[in-house]
Amino acid sequence: MVTMLDYIKETPQVVNNIIDNSYEYTKDLVNSYINNKYEGLYFIASGSSYNGSLCAKAFIQHVLGLEVKIVTPFTFTNHEFKYMKKEMPICVSQSGCSTNTLDVLKLLKDNNIKSACLVGRDDCDAKEYTDLLVNWHVGEEQIGFVTKGVTSLACFEMIFALELGKALGMINDFKYDKIKTNLKKSQLIQPEMVQNTIELFNKHTEDFTSKNKVIFISSGPGLAVATEAALKITETSCIDTAVCEAEEYLHGPLYSANPNNLFIAIDNNDDESSKRIIAIADALKDISEKVYVISNSQVFDDEHAFRTSDENCLHIAPLYKLSCIQTLAYLMSEATNKYKPHENIIKFKELNKVASKSRPDLYLDLQEQK
C-alpha cells in the first residue's frame, strides 16, 4: 500500500526532473507572459496549492523584482476579480477538478480574459475552460493529503520565474546556473531532513501525539511552510493546529497557550528574522516544555531541533523544510487517529452537500485501506 511517506521520499526525483527540464516545461507560460505584456503574477489557488505558491512567492519576488499576488479562488471570484489589473492570472489545482478553481476559469473566460492553469494531471476538467493548461509534472500522487505535489509545485513556480527572468534579460547565464545548482542542492538535503524528522519523532513521540494544540510560528518563507504544516497536520491527524507570524503571536494569540501545547518554530536561514524567531521560541519554553525548531540554531539542543548538515538560502529552503512537516503529519497520523476524523465529519463528506471537486474518487481513501 502506497503511503504519504512513499511520496515524500519520491519528491527529490520529481523536483530534480522539473529543474533539469525547466525551459521545456515552462516555455508556454513564459511566452504567454511576454506576448501578453503582463506586469505581474496573480496565482489563484486553494489548500496545499495555495501554500505551495506561498512557498515560492519570496523566491519569485527576489528573482523578478515584481509583485506576486496569491488569493483563494472563492475570494477572487466574489471579492477581488474586479480589481485585477495587468497581472497574469494563473490558477492552480493539482487535481484540475477543484470546483472553486473551475469557477474562476469560467469567470475569466466569460469576461474574455486569458487564463493559465497549472495542474498535476492532463485528464482534468480545467482544460475545458482555460486558454493554457500546464502540467507541472508531479507525476502520480494517489493520496489526497498531497506532499510531493506541494513541493514540486513550489519548485515549478520558482523555475518558471527563473526562466522568465532569463527570457526578459534580467538574469545572466552565470546567475541562472548558480540558482539552478542551489535549487538542486535543496534535494540533496531533503532525504536527511526526512530521516532526522523520523528519528526525532521516535525519540519524543508523546510530545507530538498528545492530541493537544500544535502552534507553528515563523515569518516570510518559513511562514509559508508553517501554513502548509497547519493544514497538513490538521487534515491528517485531526489535531488542532494553528499558525501565526512569530512577532504577532506575542500580540494576543499567546494568551490561549498552556503547558500542554506543542510549539514548532521555523527559522528562515537568514541573519535578520531568524534571530528573533529563535528568541521567541526560546522564550516559549517558559510556557511549555514541548518547544521545537526547524533550524540549525545552537540555541536549541539536538533533542529539540530538526536539523540538517547543510542548508539553502531563505528563498529556496522551503523545498526541503516542507518535507519535515509532511513527515511529521504522516507519523502523527499513523501514531494516533489513522486519518479518521470525527464520525460527523465522515457523514458530512458522504452527504457531499457542498462539493469541492467536480469528479468523485480522485484520490485513495486512506480510511478504507485500513
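This talk walks through two sheets and the helices that pack around them in a predicted model.

Let me begin with the sheet that contains strand S1. The sheet is open, it has 5 strands in the order S2-S1-S3-S4-S5, and the pairing is parallel. At its edges stand strand S2, residues 68–71, and strand S5, residues 132–135, each of which pairs on one side only. If we ignore direction, neighbouring strands of this sheet are turned against each other by 25 degrees on average.

Two of the pairings can be followed residue by residue on your screens. Strand S3, residues 88–93, pairs with strand S4, residues 116–119, in the parallel sense over 4 bridges, and within that pairing Ser 93 has Val 119 of S4 as its bridge partner. Strands S1 and S2 also run parallel and are joined by 4 bridges, and here Ile 44 has Val 71 of S2 as its bridge partner. As you look at any of these strands, please keep in mind that in a regular strand the side chains alternate between the two faces of the sheet.

Now to the helices that pack on this sheet. Helix H2, residues 22–35, touches strand S1, residues 41–45, as well as S3, S4 and S5, and the direction of H2 makes about 150 degrees with that of S5. Helix H6, residues 148–167, lies across S1, S3, S4 and S5, and runs at about 160 degrees to S3. There is also helix H3 to consider, since S1, H3 and S2 make a right-handed β-α-β unit.

That brings me to the second sheet, which is open, is built from 5 strands in the order S7-S6-S8-S9-S10, and has parallel pairing. Which strands stand at the edges here? They are strand S7, residues 241–245, and strand S10, residues 305–306, and each has a single partner strand, so one side of each is left without a neighbour in the sheet.

Strand S6, residues 214–218, runs parallel to S7 and is joined to S7 by 5 bridges. In this pairing Val 214 stands opposite Thr 241 of S7, while Ile 217 has Cys 244 of S7 as its bridge partner. Strands S6 and S7, with helix H9, make a right-handed β-α-β unit. Helix H12, residues 318–335, lies across S6, strand S8 (262–266), strand S9 (291–294) and S10, and runs at about 140 degrees to S9.

The remaining part of the talk concerns how helices meet one another, and I will take three pairs in turn.

The first pair is helix H3, residues 47–64, with helix H9, residues 220–237, whose axes are 8 Å apart and which pack at an angle of about 165 degrees. H3 and H9 are therefore roughly antiparallel to each other, and their crossing is left-handed. On the H3 side the contact includes Asn 51, Leu 54 and Ala 58, and on the H9 side it includes Ala 224, Glu 228 and Leu 231. By class, this contact of H3 with H9 has 7 nonpolar, 4 polar and 2 charged residues.

The second pair is H9 with H12, which pack at an angle of about 20 degrees with their axes 9 Å apart. H9 and H12 are therefore roughly parallel to each other, and H9 passes H12 in a right-handed crossing. Among the residues that meet are Val 225, Ala 229 and Ile 233 in H9, and Leu 322, Ile 325 and Met 332 in H12. The contact of H9 with H12 has, by class, 9 nonpolar, 3 polar and 3 charged residues.

The third pair is helix H7, residues 173–203, with H12, where the packing angle is about 30 degrees and the axes are 8 Å apart. That makes H7 roughly parallel to H12, and H7 passes H12 in a right-handed crossing. If you would like to find this contact, look on H7 for residues including Leu 183, Ile 189, Met 193 and Phe 201, and on H12 for residues including Leu 319, Cys 324, Leu 328 and Leu 331. By class, the contact of H7 with H12 has 13 nonpolar, 6 polar and 1 charged residues.

To draw this together, H9 packs with H3 and also with H12, while H12 packs with H7 and lies across strands S6, S8, S9 and S10.

Note on methods
Residues are numbered from 1 along each chain as its sequence is written. This is a predicted model: local features need pLDDT of at least 70, side-chain atom pairs count only at pLDDT 80 or more; totals for chains, interfaces and linings use all residues. Side-chain values use heavy atoms; hydrogens and water are left out. Two strands pair if DSSP finds at least two bridges between them. Helices (H or I, at least four residues) and strands (E, at least two) are DSSP runs, numbered from the N terminus. Axes are lines fitted to C-alpha atoms, for helices over the stretch in contact, and angles run from 0 to 180 degrees between N-to-C directions. Contact means heavy atoms within 4.5 Å. Angles under 35 degrees count as roughly parallel, over 145 as roughly antiparallel, 65 to 115 as roughly perpendicular and the rest as oblique. A crossing is left-handed if the near helix is turned anticlockwise from the far one by less than a right angle, and right-handed if clockwise. Ala, Val, Leu, Ile, Met, Phe, Trp, Tyr, Cys and Pro count as nonpolar, Asp, Glu, Lys and Arg as charged, and the others, Gly among them, as polar. A crossover is right-handed if, with the strands pointing away from the viewer, the path from the first strand over the helix to the second runs clockwise.
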